[in-house]
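User: I am new to this structure and would like a close look at a single part of it, followed by the local features that go with it. Please take me through it slowly.

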Amino acid sequence: MTKTNVLKNSIFFICVVLMMICVTSCASQGVASYNQQNNQQNNQQNNQQKEEITKETLLVDITFEGGTGKAYIQSPVEVTNVDGNMTAKFVWSSKNYDYMIVNGIKYENENNGGESTFTVDIDNIEEPLTVIGDTVAMSKPHEIEYVITWGKKETSEKETITNVTADKEAVENALADAGLSLTETVSLEYAQCFTIDKYGDYSYISIDNSGDYIVVPENGAVPEGLPEEVVVLQKPLDNTYLVSTSAMDLINTCGALNMIKLSGTKESDWYIEDAKKAMQDGNIQYAGKYRAPDYELILGSGCKLAIENTMIYHEPAVKAKLEELGIPVLVETSSYESHPLGRLEWIKLYGVLFDKEEEATKYYNEQLSAIEPIMSDNKSTGKTVAFFHVTANGMINVRKPGDYITKMIELSGGTYALTSLEDEENALSTMNMQMEDFYKEASQADIIIYNSTIGGEITSIDELIDKNELFKDFKAVKENRVYCTERDLFQQTTGVAEFMQDMNNVVNDVDTDYTYINKLD
């Protein structure tokens with residue numbers, strides 16, 4: 001072999017080695033790059049929080065009693081159970097029923113022109129349910145009482161609704177890329193179900209069991225690169241469709257009622273006078289309940305936001321349809337707040353949404369100052385209190401221990417009388433009892449308060465006894481310490497301070513003009 005050939009072979013060998021090194025290096029870099037991207041994706045997925053809600057649809061056979069027998073509710077009945085919150089869809093054999101009353105709540109017919117249909121809230125499918133149906137088949141409308149007894153049930157559908165909370169770091173990175181930096185985290189003293197971070201004029205709101213929201217100022221640019229789970233709310237949020245009744249009082253109190261143009265509650269069902277008047281004046285239109293919104297009206301009004309409560313999870317198709325129409329949906333979860341002042345503190349969230357932060361914070365602080373003497377004293381008077389109502393079928397509906405109403409009683413110096421109750425495995429804050437069991441628990445209570453917001457107001461102790469003779473033997477009845485709430489108690493979310501002041505006066509034997517309760521004679 002010549003020297004020239006040896007040189008050529010050496011050069012070829014060196015080139016091959018260099019190529020192998022290059023390929024190996026590139027492959028290593030490619031694997032490293034892939035692993036880095038994979039790790040970033042995995043980290044983002046790990047930072048996401050998935051909140052799962054179980055929705056179960058049951059078909060339940062019923063027997064039906066009452067009336068002449070000519071009209072009846074069809075069997076089986078479709079019952080939807082979303083994490084313990086139950087609704088039943090009653091379809092009549094007649095077109096002539098215009099409303100139903102179930103547990104003191106009035107429901108309008110959803111199927112005008114067809115078989116009368118009502119979707120109603122129920123407590124359970126174990127005990128008989130007494131309902132009232134109003135028929136217009138006679139010469140004049142006539143209310144008739146019926147009894148529904150639940151029978152065999154069969155699961156027809158079960159699904160999991162997943163709310164994905166966005167990766168907070170990804171949101172912060174998108175805001176940083178848009179030149180926005182954190183300027184303030186809104187201080188919350190009692191509310192635990194939401195957070196608000198301010199980035200100048202932008203706000204990043206995260207709500208438990210709901211999702212993440214970026215509030216963008218009017219004419220402001222939407223930051224690029226936000227995770228797809230983040231809902232963008234572009235101000236001004238006027239023409240809002242308000243379905244959650246508990247939010248109305250907070251929105252009205254901070255001065256943003258003019259931002260609400262559509263309501264999921266009819267004028268006749270509002271106990272908030274400003275809301276009722278706004279509907280009378282035509283400033284707010286009825287746009288249908290959460291399960292059957294008037295999409296044409298909502299879309300035509302230029303709606304920019306729908307505020308729902310967790311009942312929308314019974315109808316996920318409705319939420320999806322609103323979003324498909326370009327209407328962002330905010331699900332408020334104030335009912336999950338265990339502390340009564342936590343619910344009141346949601347006024348700060350509406351202050352951010354509707355540019356009423358100063359007004360919202362001022363009102364909250366005033367209410368806190370008003371009840372600070374009661375809370376700082378925090379001394380129990382030893383007086384036991386029962387809070388209840390009698391259902392249409394004679395059951396006693398009570399608040400569960402630990403519910404926010406029972407906490408207000410305890411913060412006001414009382415002791416809830418039914419602390420030994422076992423909590424049922426559902427998300428409801430109430431439970432039903434047989435009268436005999438309630439008697440054992442509450443007959444020696446120092447004070448009893450009748451909840452009129454569901455069962456209807458009573459004006460005398462005799463009316464209470466008419467519901468069940470056993471009330472004659474209650475200690476509170478004998479000592480004339482029986483009270484009844486006003487009908488507007490649960491719509492007046494801002495009434496926490498006044499209700500606690502009422503309760504404090506009651507347990508301390510101060511006879512005065514109460515705000516949310518009346519003493520019965």
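Analyst: A disulfide is a pair of cysteine sulfur atoms within 2.5 Å, and by that criterion this predicted model holds zero disulfides. Two of the cysteines can still be placed by their accessibility: Cys193 counts as buried because its relative accessibility is 8%, under the 20% limit, and Cys254 is buried as well, with a relative accessible area of 1%.

The part to look at closely is Ser334. This serine is found in the loop that runs between strand β18, residues 329-331, and helix α7, residues 340-344. Although Ser334 belongs to a loop, its relative accessibility is 9%, so Ser334 counts as buried under the 20% cut-off. The side chain of Ser334 makes a polar contact with the side chain of Glu332, at 2.6 Å. When residues up to four places away in sequence are left out of the count, Ser334 touches Ser246, Arg343 and Trp346. Taken together, the picture is of a loop serine that is buried, has a side-chain polar contact to Glu332, and touches residues that include Ser246.

Other loops of the model carry backbone features that a new reader may wish to find. A cis peptide bond joins Ser75 and Pro76, with omega at about 5 degrees, and Pro76 is found in the loop between β1, residues 49-65, and β2, residues 77-82. The peptide bond from Lys235 to Pro236 is also cis, and there omega is near 0 degrees; Pro236 is found in the loop between β13, residues 231-234, and β14, residues 240-242.

Two asparagines have a positive phi, and each can be described by its loop and its exposure. For Asn219, a residue other than glycine, phi is near 70 degrees, and its place is in the loop between β12, residues 211-216, and β13. Because the relative accessible area of Asn219 is 75%, over the 50% limit, this asparagine is exposed. For Asn480, phi is near 60 degrees, again a positive value in a residue other than glycine, and Asn480 lies in the loop between helix α14, residues 475-478, and strand β24, residues 482-485. The relative accessible area of Asn480 is 30%, which lies between the 20% and 50% limits, so Asn480 is partly exposed.

Technical notes
Residues numbered from 1 in each chain as written. Predicted model: local features only at pLDDT ≥ 70, side-chain atom pairs only at ≥ 80, totals over all residues. Heavy atoms only, no water. Buried < 20%, exposed > 50% of the residue type's maximum accessible area, 1.4 Å probe, protein only. Helix = DSSP H or I, 4+ residues; strand = E, 2+ residues; numbered from the N terminus. Polar contact = N/O pair within 3.5 Å; in protein donor to acceptor, adjacent residues only side chain to side chain. Contact = heavy atoms within 4.5 Å.
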